[in-house]
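Colleague: I have a model to look over before I plan anything. Can you take me through it, question by question?

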Amino acid sequence: MSFTSESVASKPFASADGRYHRQTSTFRDVIAPGTKFEPEVGRYKLIVSLACPWASRVLIVRALKKMDQVENLLPVTVVDTFLGEKGWCLGEVDTDRPHNPAYGPKIPGHENARYVRDLYLAADPDYELRATVPLLWDTKHNTIVNNESSELIRFLDTAFDQFLPKEVQGITYYPKELRKEIDAINEWVYPTINNGVYKSGFATTMDAYLENVKPLFESLDSLEKHLQGKKYMVGDQLTEADIRLFTTIIRFDPVYVGHFKCNLHTIRGGRFPNVHRWLRELYWNDEAFKSTTDFDSIKKHYYASHVKINPTGIVPLGPEPHIEPLDQ
Ligand SMILES: N[C@@H](CCC(=O)N[C@@H](CS)C(=O)NCC(=O)O)C(=O)O
């Protein structure tokens with residue numbers, strides 16, 4: 001098999017100085033009563049990539065809050081795992097690299113849209129940034145409500161409460177009494193870990209790589225101390241601090257260690273026993289985490305899409321297993 005297709009990754013993700021800078025999301029509305037975006041069943045659509053750690057945060061909240069049990073509340077459209085030069089694809093991709101096809105409902109009024117970019121352009125004809133997922137689409141105003149995962153998980157955890165099963169109504173992952181502590185955790189986990197793996201992996205100079213891979217592992221050491229004797233990141237309950245961290249740590253051994261050169265240590269290797277236990281407990285004990293993690297899609301996306309980082313497009317077989325059992 002030969003891998004000849006062009007990819008968005010054949011253009012550098014890093015800027016001229018070798019450093020990767022994540023763009024700022026531009027659609028920042030919320031679903032709330034009395035606003036342009038009223039909570040309603042049958043109105044909103046979620047577009048995700050199963051590979052994407054940011055999109056997976058939203059999938060986890062959707063599953064935790066049992067939104068998947070209310071018909072047509074927030075249907076999910078999944079893009080093809082291959083990120084090509086035209087961006088995420090909602091239909092047939094033009095590649096001979098390994099990939100898993102798109103599936104899920106078409107977006108009403110945009111049934112022929114082939115790329116996620118087409119939806120961005122429908123929402124804003126002047127849109128020139130990368131067309132990222134996750135994406136919350138409003139079929140009433142034919143636009144994007146929000147494309148920033150940290151905000152999506154904040155408002156989606158309560159926005160649809162009136163339509164949800166009683167047992168999840170009122171449950172929030174950003175409770176008032178823990179907000180200060182959650183904010184303080186996000187403050188270092190986002191730049192050094194969530195985004196730190198990308199800044200290490202997309203660096204195109206040795207300096208830029210070292211500048212990011214070192215703080216990444218310092219933060220993992222801090223995390224290890226932080227999780228000593230603790231089941232959750234903040235307080236005694238599941239919060240967005242766990243959700244935001246999980247989607248990065250679950251990808252660490254299968255992808256970031258090799259593909260993004262974050263290989264000072266693995267999560268499972270013995271240096272981070274508390275992080276490893278925390279990860280496995282969330283994955284094996286809570287279906288919302290396990291059911292939204294698709295290792296095959298995750299690996300195919302990263303290894304096949306980033307042509308510059310992995311020119312052969314070969315998707316490694318390991319690690320075996322992708323996640324170790326709970327009693328390891
Ligand atoms: N700040 C955004 C970041 C989303 C993001 O960067 N998503 C990546 C996938 S992991 C994407 O869609 N990239 C498309 C591209 O770069 O063309 C969020 O957290 O929602």
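**Domains and overall build**

Colleague: How far apart do the C-alpha centres of domain 1 and domain 2 lie?

Modeller: The model is predicted, so local features need pLDDT of at least 70 and side-chain atom pairs pLDDT 80 or more, while totals for chains, interfaces and linings use all residues. Residues are numbered from 1 along each chain as its sequence is written. Domain 1 covers 8-168 and domain 2 covers 176-305, with bounds from an automatic or database domain assignment. Their C-alpha centres are separated by 22 Å.

Colleague: Which helix gives the largest share of the side of domain 1 that touches domain 2?

Modeller: The contact takes 27 residues from domain 1 and 29 residues from domain 2. Contact here is C-beta atoms, placed from the backbone, within 7 Å. Helices are DSSP runs of H or I with at least four residues, strands are E runs of at least two, and both are numbered from the N terminus. Eight residues on the domain 1 side, the largest share, come from residues 53-64, helix α1.

Colleague: How many residues on that side of domain 1 are nonpolar?

Modeller: Nonpolar means Ala, Val, Leu, Ile, Met, Phe, Trp, Tyr, Cys and Pro; Asp, Glu, Lys and Arg are charged, and the others, Gly among them, are polar. Six residues on this side are polar and four are charged. The nonpolar count is 17.

Colleague: What is the radius of gyration of the chain?

Modeller: The globule rule is 2.2 Å times the number of residues to the power 0.38, with the radius taken over C-alpha atoms. For 328 residues, that puts a compact globule near 20 Å. The chain agrees, at 19 Å.

**Annotated site and ligand**

Colleague: Which residues does UniProt annotate as "active site"?

Modeller: The entry is unreviewed, and annotations may be inferred rather than shown by experiment; positions follow the numbering used here, and feature names are shortened. The annotated residues span 147 residues in sequence, yet no two of their C-alpha atoms are more than 11.7 Å apart, so they gather at one spot. One of them is in the loop between β1 (44-48) and α1. The record lists Cys52 and Tyr198.

Colleague: Which residues are closest to the ligand?

Modeller: A residue counts as near if its C-beta atom, placed from the backbone, lies within 6 Å. In total, 14 residues surround the ligand. By class, six are nonpolar, six polar and two charged. The closest are Cys52, Trp54, Arg130, Thr132 and Ser149.

**Backbone details**

Colleague: In which sense do β3 and β4 pair?

Modeller: Strands pair if DSSP finds at least two bridges between them. Here β3 (residues 135-138) and β4 (residues 143-146) share three bridges. Leu136 has Asn146 as its bridge partner in β4. The sense is antiparallel.

Colleague: Which residue between those strands takes a positive phi?

Modeller: Most residues other than glycine have a negative phi. The hairpin has four residues between its strands. One of them is not a glycine, yet its phi is about 55°. That residue is Asn142.

Colleague: Which residue does a cis peptide bond join to Val133?

Modeller: Most peptide bonds are trans. This one has an omega of about 5°. The partner lies in the loop between α2 (116-123) and β3. The residue is Pro134.

Colleague: Where does Pro319 lie?

Modeller: A cis peptide bond joins Pro319 to Gly318, with omega about 0°. Pro319 is in the segment after α11 (295-305).

Technical notes. Two residues are in contact if their C-beta atoms, placed from the backbone, lie within 7 Å.
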